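Hi,

Here is the structure I promised to pass on. Have a look at it first, and then read my notes below.

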Amino acid sequence: MKKVLQFSLLFIAFFCHLSLKAEDGYRLWQRYDQLQNKDLLKQYRQSLNGVVVQGSSPTLTVVKEELEMGMEGLLGSSITIANQLPKKASLVVGTPASSPIIKELGLEQKLKEVGQEGYLLLSQKHKGKNHTVIAANSDKGVLYGTFHFLRLLQTQQNIQALNISSSPKTKLRILNHWDNLDRTVERGYAGFSIWDWHKLPDYIDQRYIDYARANASIGINGTVLTNVNANSLVLTPEYLQKVKALADVFRPYGIKVYLTARFSSPIELGKLKTADPLDPAVKAWWKNKVNEIYTYIPDFGGFTVKANSEGQPGPQNYNRSHADGANMLAEVLAPKGGIVMWRAFVYDNNVPDDRHKQAYTEFKPLDGTFQGNVMVQVKNGAIDFQPREPFHPLFGAMPKTPLMMEFQITQEYLGQGTHLAYLAPMFKETLTADTYAKGKGSTVAKVVDGSLDNHAISGMAGVANIGNDINWTSHPFGQANWYAFGRLAWDHELTSEGIADEWIKMTFSSAPSSQAAIRTMMMGSREAVVNYMTPMGLHHLMGWSHHYGPGPWIKDKPRADWTSVYYHRADEKGLGFDRTKTGSNALSQYAPEVQAQWGNPTTCPEEVLLWFHHVAWDAKTKSGRTLWDELCYRYSGGVDSVRAMQKTWNSLEGQIDKERHQQVKQYLAIQEKDARWWRDACLLYFQTFSKRPIPQELEKPQGTLEQFMKIEPKFAPGI
Ligand code: BDP
């Protein structure tokens, strides 16, 4: 009997253990599970015998909590955080101001170089003993250093001879939530908004804290809580209290809160007759409003504004310029230290010009007219977050204005919440592109980090892919895009592979074989999406409104530039948008060096060929195939790449926890199905123009064009 009982207890314990091991993805890259490498564990335990954090502040409290949670989890033993040096080797954490020990280490010179947000991680002798040191000029720097230190442990690095100094290349590293007050999320595919406005300010969801931890761990220091298609209600006292509650949670993590400002708020909330930025009453209204916001949130960051774009109100309603609008807000924010992020995503209802050209046409003449606390926020490409776009021509064209990068982390046009598309290679592609604004080497990254034109402020914004799904991002690999955005905003010189490696080790596995397999999947994934959706520079072929699935046939909509036929220009002769001199001449907005390369179809990279040229169906491509055949090969190649990902992922069964393995497996099956859908629908449609057969050796479409044209996903998320 006793034996049976013992056995049952063992059985129960075993299953409890198993169920504890289930991974729902909530912990993101901060899992802090005990390390399995015994030698390394021994090394860590020896060199981190005690932890000393001197000083006290809300941020240092967070530092202590995170060190405790992280080290106890990873090392599998409890730690105590002291404020005196223990006898043995230890981890010493702080600023010269908060910690006499750090002060004694004489790090002034080195610290000078890392600035207010940077930090040092050092192996350092002090009074004959070896210490690991996390030092910074500010508590926030200490926090970033702490997360870096934990990452070293998580990714199992040797910490015996540390000599790391790090500081962010971009000053403002910010998430843009397109979240509405009713908790729907525009272009959000991971459930509802994480901001539970109804329960705020009284109920503080643990998620807010974990959100802040995750963001601080990758250096994100700002968040715009609300949709760019803004609701002025958020500026009312009722909502400002709620915003304050979130700001209070985020503050110790170094994250400032920003809001989107609806330009017509003075009319909607203030009952004024106008929102004309030059009207004294309008100015006074905003001044009062801003002062009021700062009574709730003394370190409020400022506003993001979408104006005169896609129906949003703006200064042009009153015949004023974007600069008039931005400067009016900037003026009232300046005394409080706030900024304006004015979006350049504009295209005019009344201008029948190539949409590619419109932002440049409107903004370039305004260079030099914006106040010092205005940044113009520019999407990575000139159209709209397509799977591949050449860099936006405004980068390099407005040297007197700090231009902020806007990337889209949420995969509106890259398979939304179900496709695996690792976006770091896409972000890097834009950042490393050469604008030639000041000769060779004038990369987009240098424009954005402010170094090309010596700007005091700089920033990178990412449209968040976060929702209230248990794993935050719907697809488990969506987490990698959030992670990669933050890491690149901190340091755009990091490599996509390097970022993937860190993320995989912390999120999935550090076993070299699975690590390499997952990295290969990730690195090829975005190109796979480009191939099965919009190869060779095609763009804007997606279904109407929901943007999920193919719709190259979309035409006859309220605006020509909301249709697909406007962009692909397929006809009997060929395919692609002529943006050279013989066409819209959008190319003229780039530097002569860029024009020379892209303007000639033989030197234009095939990746953007149909973006700039209308190419004959029988024109020879680099592979030796005709354009039509090459297109068929690329579309098919995209599907093959997804199948290769499936194979790799299947081979990892048993090496990844069951729950997430199963999730990704199912998502990959959806992706394979969707990739075929895109390939078949697009090829059948383009074939009506090319009138050429799909090469014999390639898989044939399953279905007819008519059938594909009838597919209409109902209630797709994110609209
Ligand atoms: C488009 C989205 C739309 C956004 C817009 C924007 O479809 O929902 O409001 O971008 O960036 O891509 O303002």
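Residues 153–472 are 26% helix and 13% strand, with the end C-alpha atoms 24 Å apart. Helices (H or I, at least four residues) and strands (E, at least two) are DSSP runs, numbered from the N terminus. UniProt, in an unreviewed entry, calls this stretch "domain: Glycosyl hydrolase family 67 catalytic". The same kind of record puts "domain: Glycosyl hydrolase family 67 C-terminal" at residues 473–697; there the chain is 54% helix and 2% strand, and its end C-alpha atoms lie 38 Å apart. UniProt feature names are shortened, positions follow the numbering used here, and annotations may be inferred rather than shown by experiment.

Keep in mind that this is a predicted model, where local features need pLDDT of at least 70, side-chain atom pairs count only at pLDDT 80 or more, and totals for chains, interfaces and linings use all residues. Residues are numbered from 1 along each chain as its sequence is written, and side-chain values use heavy atoms, leaving out hydrogens and water.

How confident is the predictor? Mean pLDDT (confidence in each residue, from 0 to 100) is 95 for the protein chain, with 97% of residues at 70 or more. Over residues 1–20, though, pLDDT stays under 50, and the model has 0 contacts (heavy atoms within 4.5 Å) beyond four places in sequence. Where pLDDT is low, the predicted coordinates should not be read in detail.

Now the inside: the largest nonpolar core (buried Ala, Val, Leu, Ile, Met, Phe, Trp, Tyr and Cys residues joined through side-chain atoms within 4.5 Å; buried means under 20% relative accessible area, exposed over 50%, partly exposed in between, with a 1.4 Å probe and protein chains only) has 204 residues. Its largest share, 12 residues, comes from helix α22 (residues 658–690).

Cheers

Methods: pLDDT is the predictor's confidence in each residue, from 0 to 100.
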